[in-house]
Amino acid sequence: MKTIHLATLLTAALLATATAHAQSYPSKPIKAIVPFAAGSATDQIGRAFVQKMSEQLGQPIIIENKAGVNGMLGADAVAKAAPDGYTLMVGTNSTNAALKSLMKKLPYDQDTAFAPIGYMGSVPLIITVNNDVPAKNLKELVALAKAKPTQLTFASASTSQRVSTEVLMSMSGIQMTHVPYKSGPAAMTDLIGGQVNLFSADFAVTLPQVKAGKIRGLAVTSMQRSKAIPELPTVNEALGLKDYELIAYFAMFAPAGTPADVIAKLNKVLNAAANDKDIQEKFAAIGFETAPGTPEALAQRNKAETVKWAKAIRDAKIEAE
C-alpha cells in the first residue's frame, strides 16, 4: 500500500510540476530558427507570425536564420535542442516532408525528431526566366530546351524550388542543368544577371521582380491561377497537363518531447496569428493562404506530404545526395 501511495504522490507531483511549467511558460525569450535565408518567404512569413505570437505570450520570439542544405542545418539544430519550448522551428515541406527522400542520410530522424505545433499556410511558386531567354511562354521554353538539351540552366535553393523544376522537366521530357544555391535571394540575383536561365520560386522572391520587369514569369505551379498575378497560366494550362502541382507550405515545430501543455499554448497563439487580418492582408499579394489547425492535423498533413514528395522526387528521378 505504501508503494502505491508513493507512486500516486509522485505522479501528482509530476503533474503539478508540468502544469506549473505550462502556466509560467514562457518566462524568458524564445528562439525560432528559420532554416532558410533572410528575405525568403519562410523568413518573411515566420517573422510576421512570431511577432503576433510574442505579443500574446508576453515574451519576445527572436528569429535566427540558419540556412543551408535545403533547410537541413537549421532543422538539425532544432532536433537537437532542449525540448522545453524555448527553441522552435519555422519548418516547410523541405525540412519536414521532402528531405528524407533527397538525402541519403539525415543527422536526425525526420519523422520523430519534431513535435508539430501548427500549420501556418502555403504559397505557390512562379516559374521564371531571365529576360534574355528567347521564350515568351512555357511551351516555347520546353521547345527551346528540347532543341538544346542540358544547355539551359536552372537555379534552386530549397526542395520546393528544385523539385518543382525537376518534375516539370520529367513531365515535359526536357533536360536542364541544375545550379544549386544557398539562398533564394542569391539565386534571384544571378537569374536577373543572366548567370542562370530559369528559377522556380515562391512569390515572395519572384513576384516583385516579375512586376518590375526584371525577369519574365511563365506560369504558376498551383492547380488554379493566383489572384496575385492572374495573367499567368498554371503549368497545366500552359502545357496541356493535368496533374502538375507543387506548392510550398509553412508550419511550426518544436523538438520532440516538448510538454503537451506548452505545445497547446503555442498552437493557440499560432492559430490566432494565422487568423489575424494584418497577416492575411500582408501576404495575400504573394498568394499566401493561411490554414489554422491542431498539432494532430499538422502531423497527419506531414505524413501525407512526405508520401507525396517522395513520389514526386522518385518520378523526377532525383538521386539522393
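This text goes from the whole protein to one of its helices, helix 4, in a predicted model.

The secondary structure of the protein comprises 12 helices and 10 strands. The radius of gyration is 21 Å, close to the 20 Å that the globule rule gives for 321 residues, so the protein is as compact as a globular protein of that length. Along the principal axes, its C-alpha atoms fill a box of roughly 85 × 40 × 30 Å. Of contacts between residues at least 6 apart in sequence, 77% join residues at least 24 apart.

Next comes the division between inside and surface. Of the 321 residues, 55% count as buried, where buried means under 20% relative accessible area. The protein exposes about 14300 Å², and carbon and sulfur atoms supply 55% of that area. As for charge, there are 32 positive and 26 negative side chains. The centres of these two sets lie 2 Å apart.

Helix 4 spans residues 93-102 and is mostly covered, with 8 of its 10 residues buried. Which residues of helix 4 are buried? They are Asn93, Ser94, Thr95, Asn96, Ala97, Ala98, Leu99 and Leu102.

The cover comes from several parts of the chain. The buried residues of helix 4 pack against three other helices by name: helix 3 (72-79), helix 6 (159-172) and helix 12 (295-315). They also pack against strand 3 (87-92), strand 4 (114-130) and strand 9 (247-255). At the start of helix 4 there is a polar detail: a side-chain oxygen of Thr92 comes to within 3.0 Å of the backbone nitrogen of Ser94. Ser94 is also one of the buried residues of this helix.

Key:
Residues numbered from 1 in each chain as written. Predicted model: local features only at pLDDT ≥ 70, side-chain atom pairs only at ≥ 80, totals over all residues. Heavy atoms only, no water. Buried < 20%, exposed > 50% of the residue type's maximum accessible area, 1.4 Å probe, protein only. Helix = DSSP H or I, 4+ residues; strand = E, 2+ residues; numbered from the N terminus. Contact = heavy atoms within 4.5 Å. Polar contact = N/O pair within 3.5 Å; in protein donor to acceptor, adjacent residues only side chain to side chain. Rg over C-alpha atoms; globule rule 2.2 N^0.38 Å. Areas by Shrake-Rupley, 256 points an atom, 1.4 Å probe, with all protein chains shown as cover. Lys, Arg positive; Asp, Glu negative; His and termini not counted. Charge placed at Lys NZ, Arg CZ, Asp CG, Glu CD.
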